[in-house]
Amino acid sequence: MAKSPGRASLPAKGLERVVFFSDALMAIAITLLVLELKPPGAEAGPVAGFGERLLALWPKALGYAVSFWVIALYWVAHHRCFERIRDYDRRLIYANFLFLMFIAFLPFPTALLFSDPSHFA
């Protein structure tokens with residue numbers, strides 16, 4: 001990114017921190033997705049019904065898989081963009097935070113959309 005006239009350049013090591021922070025946030029967002037997958041409890045009934053209860057989790061499992069790959073694709077794109085960036089300023093940092101805000105939000109709509117099998121009927 002070209003330097004703006006009259007602006008001091010930020011430390012070069014700071015760009016690495018931006019990338020590392022972004023990586024960490026995406027890893028946490030992916031981890032949060034799996035929290036919606038809860039195994040069917042033994043208190044719900046006999047072992048004979050375990051297979052049906054496990055199969056009833058398919059919408060949440062599908063939501064996990066779709067959202068995992070969406071975040072993974074964004075992670076790859078983020079890295080491809082940051083491979084080319086040599087200098088940065090506060091605008092890039094704030095734009096990156098805006099991008100990360102949407103990534104961190106993804107577990108919520110995933111849980112909302114894939115929590116009820118009747119959404120797919």
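# Close-up views of the predicted model

**View A.** Leaving aside residues up to four places away in sequence, His78 touches Ser22, Met26, Asn96 and Phe99, where contact means heavy atoms within 4.5 Å. The model is predicted, with local features needing pLDDT of at least 70, side-chain atom pairs counted only at pLDDT 80 or more, and totals for chains, interfaces and linings using all residues. Residues are numbered from 1 along each chain as its sequence is written, and side-chain values use heavy atoms, with hydrogens and water left out. His78 itself is part of helix H3 (helices are DSSP runs of H or I with at least four residues, strands runs of E with at least two, numbered from the N terminus). His78 counts as buried because its relative accessibility is 6% (buried is under 20% relative accessible area, exposed over 50%, partly exposed in between, with a 1.4 Å probe and protein chains only).

**View B.** Helices H3 and H4 are shown where their axes come within 11 Å of each other and cross at roughly 170°. This crossing makes the two helices, H3 and H4, roughly antiparallel (over 145 degrees; under 35 is roughly parallel, 65 to 115 roughly perpendicular, the rest oblique). On the H3 side the contact is made by Ile71, Tyr74, His78 and Phe82, and on the H4 side by Leu92, Asn96, Phe99 and Ile103. Helix H4 covers residues 90-105, whereas helix H3 covers residues 58-84. Of the residues in this contact, Asn96 and Phe99 of H4 also appear among the residues that His78 touches in View A.

**View C.** Phe68 and Ala72, both of helix H3, are seen with residues that come earlier in the sequence. The C-alpha atoms of Phe68 and Ile30 are separated by 5.9 Å, although these two residues are 38 residues apart along the chain. Once the neighbours within four places in sequence are set aside, Phe68 is in contact with Ile30 and Leu33. Phe68 counts as partly exposed because its relative accessibility is 26%, whereas Ala72, at 16% relative accessibility, counts as buried. For Ala72, the C-alpha atom is separated by 8.2 Å from that of Met26, a residue 46 residues away along the chain, and Met26 is also one of the residues that His78 touches.

**View D.** Leu37 is placed in the loop that joins helix H1 (12-34) to helix H2 (50-55). Not counting residues up to four places away in sequence, the residues touched by Leu37 are Lys60, Ala61 and Tyr64. Between the C-alpha atoms of Leu37 and Ala61 the separation is 6.8 Å, with their positions 24 residues apart along the chain. The relative accessible area of Leu37 is 28%, and Leu37 is therefore partly exposed. Leu55, which lies in helix H2, has a relative accessible area of 60% and is therefore exposed. Leu55 is 15 residues from Pro40 in sequence, and their C-alpha atoms are 9.7 Å apart in space.

**View E.** A nonpolar surface patch is formed by Trp58, Leu62, Val66, Val70 and Tyr74, which together have about 410 Å² of accessible area (over 30% relative accessible area, no salt bridge; nonpolar side chains of Val, Leu, Ile, Met, Phe, Trp or Tyr are joined within 5 Å, like charges within 9 Å). Leu62 of this patch is a residue of helix H3, and it counts as partly exposed because its relative accessibility is 35%. Tyr74, another residue of the patch, is also among the H3 residues that make the contact with H4.

**View F.** Asp89 and Arg91 meet through their side chains in a salt bridge, with 3.1 Å from N to O (a side-chain nitrogen of Lys or Arg within 4 Å of a carboxyl oxygen of Asp or Glu). The structure holds one salt bridge. Asp89 counts as buried because its relative accessibility is 8%.

**View G.** The whole chain, given for orientation, has five helices and zero strands. Of its 121 residues, 26% count as buried. Among the contacts in the chain with a separation of 6 or more, 79% are accounted for by residues 24 or more positions apart. The accessible surface of the chain comes to about 8600 Å², and 71% of this surface belongs to carbon and sulfur atoms (Shrake-Rupley method, 1.4 Å probe).

Note on methods
Axes are lines fitted to C-alpha atoms, for helices over the stretch in contact, and angles run from 0 to 180 degrees between N-to-C directions.
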